[in-house]
Amino acid sequence: MAAPVPIGLKAALLDAVRTKSGMVGTGMLGFLILLAILVPVFAPYDVIKAWGGTDAWQDNPKLAAPEWSEVFSGGKHLPRTIFLTPAGTPGGFLKFRTTENVSDGKGNWNNFTFLGLKKTFGFQADDFPSEMTVYLNTMFTQAGNLSKPPAISVIFQRPDNKNLTLLDDTPRLSTTDINRFPNTKSNAYAVSQPIKDTPSYKILDNLREWLIANNVTTRAEAYDPQFYVQPEVLLFAQLDRSMLSKSTAHVLKGDYSLRIELVGFENTDDANARGIVFGTVFGLAGTDDARHDLLVGLLWGAPVALAFGTAGALVVVLIQMILGAISGWYGGAVDELVQRAADFYLIIPTLPILILISLLYRPSIVAILFILVAFGIVGSTTKVVRSIVLQVKEEQFIEAARSYGAKKTRILFRYILPRVMPYTFALIALTVPAFIFLEASLSFLGLGDPVLPTWGHTLGLAYNNGALFYGFWWWIVFPVVGIIFATIAFALLGYAFDKVLNPRLREQ
Amino acid sequence: MAVLDIRNLIYWYRTRRGAVHAVDNISFKLEQGETIAVVGESGCGKTSTANAILRLLPKNVERYEGEIWFDGQDIMALGNEDFRKQVRWKGISMVLQGALNALNPTVRAGAQVAEPLIVHYDVDRDEAMEQAIAAMKRVGLPQDIARRYPHELSGGMKQRVVIAMALILKPKVVILDEPTSALDVMTQTNIINLLKEMKAAEGLSYIFITHDLGLASDLADHVAIMYAGEIDEIGPADHVFVHPKHPYTGRLLASVPRLRSEDAPEFIPGAPPDLTRPPPGCRFHLRCPVAFEKCGWVAEEFVDRLRLLQATTQGKEGFPRFSEVEARGTQMVVLRADSDSPETLAASFSEFVKSGRETNPFLKSVRSVDAKTKAVAVTLHEGAPPPLIGEEWRAACWLVQEATAHDTIPA
Ligand SMILES: Nc1ncnc2c1ncn2[C@@H]1O[C@H](COP(=O)(O)OP(=O)(O)O)[C@@H](O)[C@H]1O
Ligand code: SF4
Ligand SMILES: [Mg+2]
C-alpha cells in the first residue's frame, strides 16, 4: 500500500532522501559539494586564473598519463619527472667556482672565473623521458670591448661513461643591455626538440658526431635528411644501433650527470642552472598538451558545473513555476498569454541561438547563464505547474480561503505555491543535468567561457587535439566521468522526488 | 429586528444541460441569537443557499438575484471588495461543508485559525497566533494543537479548528453547512453541544444546514424545509416537527428511524427531481402521496406514469387496453387502441381513472376523457405552484391553503 503523499516541502524532502535512489543521489551530490568546498583550498582561484597562461604549468610534462596508469603497463616502471634543482637548494646542483688573476707581464691583468655546476641523478625507469630542458642563468659583465661574455659548455655524463657535450654557448646581450652592470641572461636550452637558430639546436649536430664517434652510425647516414635525432631517447639509451629508433631502444639505467662549465673573463661572473627531465606520467589525472595538471581543471569543473547547473535550474524553474502558477490560478487572458508564450519558447531552438550569440560575443559563464534564463522564463515547467495548479485550485481549502475573504494573490502565495513547491524541487533536480549538459556542449564547441576550465571545455580541447585518435584517454575520460557523475546525482535525486510525490510510481 | 433577512433569493447555475435552479426564490429571516435549521435531501440546494448568502460564486452563475438584508443593509447591493471587507467572516462566517477535510494540509492548525485575522486586520503573526490560540481554547482545543498539522488531528479536533476559524472574527451570523456529517455519533454530540455553548456565550445566530432532522430539532429555533430549490415549509421548530403542514415534511419525519418505536421508517418513493428542469406546479407532486388536481401534472409526466403502470400491471383485469399513448401539448394525452373502438377505450379508461385515483394520485389530474374518431383524448387539469401560505408558520401546498381555510392540520 502506498503511503500518503507527504505534507509540505520539508516532509517531501526527507521522504525523498530516504528512498534508495535518494540516498545514492544525496551521497553523490554530497561528494560533489564537498569537492566544491575543498577545491578552492587545494587549488586556489589564482591557479585557475593562470589556466590560460603557460608559465604556471611549464614544469609539467606534456600529455602525460596519470601516474597510476602504470598499473596497466605490464609491470613497467614509467619515468616520473626529475627536477634538477639549482645550486643552493637542498639536493640541487653542486657548484665549484674559482677566480684567477693572471698578469700578462705588461701590467695588464686578465681576470678569470672558472665555474662548474654538476648534478647527478639516477634514472631507473623502463621508458624514456618525454623531454629534457636545461635552464641557465648567467651573470657577467660585458661593457663595450673591455670584457667578453663567458663561454659555456653543457656536458651530459652517462652511466656507461660515453659522455658528450650537448652544446657550447656564449650568452650574448642585445646592445641595449650592454651597459648595465652586472648583466644577467637566462637561457633555456630545450634539449629535446630544440628549435632551429637557437643555441640548443647544436645539440642535434653534437649528437650526430657523438653517434659517429661511437660507431653507431656512419657520417653519411647521420647527416642524411631522413635521419631522425631524438635526443631524449639517444641520451638515455644503451649505446648500440637499436638506439636509433625509440621502439627498439633500450633504456640505460643508472646515474646520469648534467655538468655545466663556464669560463668567464671577469671575477664577478657567475651562473646557476636548473634542469627538468620530463616524465611520461603525471599526477592523478595526467596533463594535456599545454601541460595543465588536468586534476586541477577537473576538480574546478565540479563547483563550476554545480554552480552553473543549480543556479540555472533554480532560477529558470522558479520563474517558470511562478508564471505557470499565475497562469493556472488567474486564468483568462493571462493564462492565454503565458501559455502561448510557453508554446513559442518551447519551439525556439535555444542551442543554435546560444551558439550564434557565443560566436558573436564570447560571453562569460555568467552571461551564458543570463541568456539561458532569458530563454527559459516560460517553458515546460510553466505547463506542468499550470496543470498542477488547475488541480490544486479545485481543492476545498482554496474554496475555504476564498470564503473567509483571502485575496487571490494571498491564496496564490500562501496556499497554492507551497503545494506546488515539492513538485518544483523534483523539476529543479531534473533540470540541473540539462544545464550542465548545455554548458558542456557550448564549451565543447569552444563557445563557452573562455577562461574557466569546465568539463566541457576540457573535452572540447581534447577533441580538437585528437585525444581520441592519439590515445590520450585520460584527457577525455575524466571530464566525461565528471559530467556523468553530476548528471546521475541529480537525476537520482529527481527520481527520488518523483517517486515520493507521484503516487503511481510509489507502489512497491 | 432580524439580523438576517433574505428576500426572494434566486441563484441558478449555468450548465451544458441548462440552468440548474438550485435556489429558486427563497425568503427567510434569522433573528438575533436564534438558530434556523435548513433541512432537505442532498442536492436540494442547501449549500447553494449558503454560498449565495456569502457570495461564494463559481464561474458558471446563470442568475443571482434578490435581497439579503444584514444588519439593516442590503448586502446584495455591495461591491465585491466591500462585500469581502465588510461581510465575509466579519459579519457572516461559515463552516463549509466538509471543511474539516478541507484544511490546508501544509499549514499548522494555529496558523489556519489565524488566517482570517491576518487577511482582514493585517495583524502581525505573533498577535494573530495569540488570538488564534485563544480562539482554539474557546472551542476546547488545548494549546499544543496549534502546532499540529491537520493530518495529525482527529475529525472532531479538525471540526473544532474549523469552528474556531469561523468564530475568530466574532461574526454575528455563522452558517454551519452540515458541520457534523462526517463525524461519528459521539463526536457529533460533542460538536452540537459546543455549538450550543458558543451560541449562548457569544449571542451568535446560526444558519444550521443539515439533512439530519434529529440534529435540527435539537439545535434549531426555526426550521426551513427545502425541496428542489424551494422552501416547502418554514416555521418554529416545535410546530414544524410536531405537526408538519407540508406532505414532504411529513414524509421526511416519517423516514427518520426511531430508536424506541415499532414503526419501520418509511422511505419517500422516487428520486429528487432534476433541477435543470424542475417539475411544473408543486415540485413535490411527482412523489407526493396526496397530490391532486391542482398540483401541476403535465401530459409528459402523465404518459410516463401511465406507461410505467402499464408495464407493471400488464394484462390485469380492468386495465384499459390501449396500444399507444402520446402527449399532445402540456395538458392533453392521446390514447389509441388496436382492437377496441375509441368509445370502448374511453369508457374503460374513465372507469380505470375512477377506481385507481386513490392508489395512483396522478390519475386525479384527469379532467375529461373524450372519444374522438380514431383515438381517445384525455384532458388534464391545469396546475400551478402553490404559494407559501401563513404568517409565522408557512407552507407551500395546495392542501394547506384549504386546510388553513378549514382550520385543520393534514395528517
Ligand atoms: N457549481 C455548480 N455548477 C452546477 N451545478 C451545481 C454547482 N454546485 C451545485 N450544483 C447543483 O445544484 C444543486 C444543489 O446543490 P447543493 O446546493 O450542493 O445541494 P445540497 O447542499 O442541498 O446537497 C445540485 O443539483 C447540484 O448538482
Ligand atoms: S401541493 Fe401539496 S398536495 Fe400537491 S403535490 Fe404539492 S405537496 Fe402534494
Ligand atoms: Mg450541501
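**Two ligand sites in chain B**

Ligand 2 takes up the space of the second largest cavity. The model is a predicted one.

Start with the surroundings of ligand 2. There are 14 residues around this ligand. Those that come nearest are B:Cys282, B:Cys288, B:Cys295, B:Cys397 and B:Trp398. By class, the shell is made up of 12 nonpolar residues and two polar ones. No charged residue belongs to the shell around ligand 2.

Look next at two of these cysteines. B:Cys282 has a relative accessibility of 9%. The cut-off for buried is under 20%, so B:Cys282 counts as buried. B:Cys397, at 7%, counts as buried too. What about disulfides? Over all chains, the structure holds zero of them.

Now turn to ligand 3, the magnesium ion. Two side-chain atoms coordinate this ion: OG1 of B:Thr47 and OE1 of B:Gln97. The distances run from 2.0 to 2.2 Å. B:Thr47 lies in helix 1 of chain B, residues 46–53, while B:Gln97 lies in the loop between strand 6 (92–95) and helix 3 (109–121) of chain B, so the pair ties together parts that are 50 residues apart in sequence.

Are the two magnesium partners buried, exposed or partly exposed? B:Thr47 has 25% relative accessibility and therefore counts as partly exposed. B:Gln97 has 35%, so B:Gln97 also counts as partly exposed. The class in question lies between the cut-offs of 20% and 50%.

Note on methods: Residues numbered from 1 in each chain as written. Chains lettered and ligands numbered in written order. Predicted model: local features only at pLDDT ≥ 70, side-chain atom pairs only at ≥ 80, totals over all residues. Heavy atoms only, no water. Near = heavy atom within 4 Å. 1 Å grid on protein atoms, 1.4 Å probe; cavity = no way out; pocket = protein on both sides within 12 Å on 5 of 7 lines; lining within 4 Å. Sits in = over half its atoms within 2 Å of the grid points. Nonpolar A, V, L, I, M, F, W, Y, C, P; charged D, E, K, R; others polar. Donors = N, O, S within 2.8 Å, 3.2 Å for Na, K, Ca; no water. Helix = DSSP H or I, 4+ residues; strand = E, 2+ residues; numbered from the N terminus. Buried < 20%, exposed > 50% of the residue type's maximum accessible area, 1.4 Å probe, protein only. Disulfide = S-S within 2.5 Å.
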